[in-house]
Amino acid sequence: MMVLNKLRSTNPNLDGIVPYDPKYLPADVMLSANENPDGLSAGVAGAVSAAIARVQVNRYPDPLANDLRDEIASAYGVERENVLVGNGGDELLFDIAFAWGGPGRTMLDCPPTFSVYAANARLCGTTVVNVERVIGGGRSFCSVDEEAVLERVSQGDIDYLTICTPNNPTGELTDLSFIERLLDATDALVLVDEAYGEFAKLGTSALPLLSSHKNLAILHTFSKAYSIAGVRVGYVLAHPEVISELKKVRQPYSVDAFSQAAALEVFKSRDVFAARTAKIVSERERVLATLRDFGDVEVWPSSANYLFMRVPKAAYVWERLLAGGVLVRDFSTGELTRDCLRVSIGSPEQNDRFISLLGHILDQEREYFG
Ligand SMILES: *Cc1c(COP(=O)(O)O)cnc(C)c1O
């Protein structure tokens, strides 16, 4: 019998860490990951293919994706030095956690929110301080506890924090006036994660605050409104000093040449995506109105391409939906999100299939459980 030798233990920061599991199971109707229901249009796909065909694969890619940086910078009226491109927004989230976190340092988190922020902080040995969102009390499922966050940063020990707006998974926006007060109240790096910003009303982005606030970083991604989640490209907009610090920790060749070429063509064609984004927004409103007519579903307005809802016996409903071919995201075991599910907005046909299947499951539940 073969005997294995021993293995030195890893960094203690990894103790108890569970690898990120998106529960991405194959299903007919994929409404769990907030992806765009549509691939690229024929025109954009053609431009992407041609650009990819020109890539010199024997050469390393441009480490900083400068052509893409320049295109993004000119669209926002900023300089190349204000932009950093990453292997998905996820890489940039880790870079920020590594650069601004670490042992002896502190990050403020506002759960329920994107779980990656706290997971990255823990990996880096950063202390995580939670200021929970206020649950209930109005039009949204929850909202940032503005006064508590301002009070907590005033203690001076917070090194960085992330405000996800629209918030994943709950869909609500955070007021810009609060973000401005926060930026003025602290020198902590404030990352405003606008991964879903394209689905929100105009005028809700933190971009206008960029020129006056050195401690602001804004995250955008090509994975949601721009349909290329499979390609892995995102970017940060920030003061050149923030970008310089991030350059110290990033992996030099993290954004491969194919991804740079594809993202550049998609970004140049960004006007083409406005119509599909508008269609998703109108579908979101239609699905919201329909679910509201289901007596036992509590569902909240959303500024993103998903809806957050509470249903009786959510874990069971999630399983029944999957058995019927519709995958949504289950948040029912979360302490703050008990019995909650998140459904991405898909094509009209996919949304109809979700609605009718959910209606059927809830009817049956009512019969069985009364
Ligand atoms: C999807 C998402 C991102 C970025 O995703 P990438 O695919 O890595 O670009 C960042 N933040 C939130 C909250 C997201 O949901």
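Author: Buried is the word for a residue with under 20% relative accessible area, while exposed stands for over 50% and partly exposed for anything in between. The model discussed here is a predicted one.

Reader: Is Asn120 buried or exposed?
Author: Asn120 is part of helix H4, which covers residues 116–123. If residues up to four places away in sequence are not counted, Asn120 touches Leu93, Phe94 and Ala97. Its relative accessibility is 9%, and because that value is under 20%, Asn120 counts as buried.

Reader: Into which domains is the chain divided?
Author: One of the two is built from two stretches of the chain, 14–39 and 271–364, and carries the name domain 1. The other, residues 42–269, has a place in the numbering between those two stretches. The division is therefore into domain 1 (14–39 + 271–364) and domain 2 (42–269).

Reader: How many residues of domain 2 are in contact with domain 1?
Author: The C-alpha centres of domain 1 and domain 2 lie 24 Å apart. Contact here requires heavy atoms within 4.5 Å. On that basis, 31 residues of domain 1 meet a set of residues in domain 2 that numbers 33.

Reader: What area is buried between domain 1 and domain 2?
Author: The size of an interface is often given as the accessible area lost when the parts come together. For domain 1 and domain 2, carbon and sulfur atoms give 65% of that area. On the side of domain 1, Phe273, Ser303 and Leu336 supply 27% of what this domain buries against domain 2, more than any other three residues. The area buried between the two domains is about 2400 Å².

Reader: Which element gives the most to the side of domain 1 that touches domain 2?
Author: The rule finds 0 salt bridges across this interface, but 14 residue pairs in polar contact, both residues being at pLDDT 80 or more. Helix H9 (272–292), strand E12 (306–310) and strand E15 (340–344) each supply at least two residues of the side of domain 1 that touches domain 2. The element that gives the most, with 7 residues, is H9.

Reader: How many disulfides does the count come to?
Author: A disulfide needs two cysteine sulfur atoms within 2.5 Å. For Cys110, the nearest cysteine sulfur is that of Cys142, 9.8 Å away, and for Cys340 the nearest is again that of Cys142, at 9.4 Å. Cys110 counts as buried at 1% relative accessibility, and Cys340 likewise at 0%. Neither Cys110 nor Cys340 is in a disulfide, and the count comes to 0.

Reader: Where is the proline that follows Thr165 in a cis peptide bond?
Author: The peptide bond from Thr165 to Pro166 is cis, with omega near -5°. Another cis bond runs from Pro111 to Pro112, with omega near 0°, and Pro112 has its place in the loop between strand E3 (106–109) and H4. Pro166, for its part, is found in the loop between strand E7 (160–164) and helix H6 (176–185).

Reader: Is Ala65, with its positive phi, buried or exposed?
Author: Ala65 has a phi near 55°, a positive value in a residue other than glycine, and is found in the loop between helix H1 (42–53) and helix H2 (66–76). Asp339 also has a positive phi, of about 60°, although it is not a glycine, and at 29% relative accessibility Asp339 counts as partly exposed. Ala65 has a relative accessible area of 1%, which means that Ala65 is buried.

Reader: How many residues apart in sequence are the parts that Arg353 and Asp28 tie together?
Author: Side chains of opposite charge can pair when their charged atoms come close. Arg353 and Asp28 meet in a salt bridge of 3.3 Å, N to O, one of 16 in the structure. Because Arg353 lies in helix H11 (residues 348–369) and Asp28 in the segment before strand E1 (29–30), the separation in sequence of the parts they tie together is 325 residues.

Reader: Which residue is linked with Glu283 and Arg286 in a network of salt bridges?
Author: The side chains of Glu283 and Arg286 meet in a salt bridge of 2.8 Å, N to O. Both lie in helix H9, and because they are 3 residues apart, about one helical turn separates them. Glu283 is buried at 9% relative accessible area, whereas Arg286 counts as partly exposed at 32%. The residue linked with these two in the network is Asp352.

Note on methods. Residues are numbered from 1 along each chain as its sequence is written. This is a predicted model: local features need pLDDT of at least 70, side-chain atom pairs count only at pLDDT 80 or more; totals for chains, interfaces and linings use all residues. Side-chain values use heavy atoms; hydrogens and water are left out. Buried means under 20% relative accessible area, exposed over 50%, partly exposed in between (1.4 Å probe, protein chains only). Buried area is the accessible area (1.4 Å probe) that two parts lose on being put together, summed over both. A salt bridge is a side-chain nitrogen of Lys or Arg within 4 Å of a carboxyl oxygen of Asp or Glu. A polar contact is a pair of N or O atoms within 3.5 Å; within protein, one must be able to donate a hydrogen and the other to accept it, and residues adjacent in sequence count only if both atoms are side-chain atoms. Helices (H or I, at least four residues) and strands (E, at least two) are DSSP runs, numbered from the N terminus.
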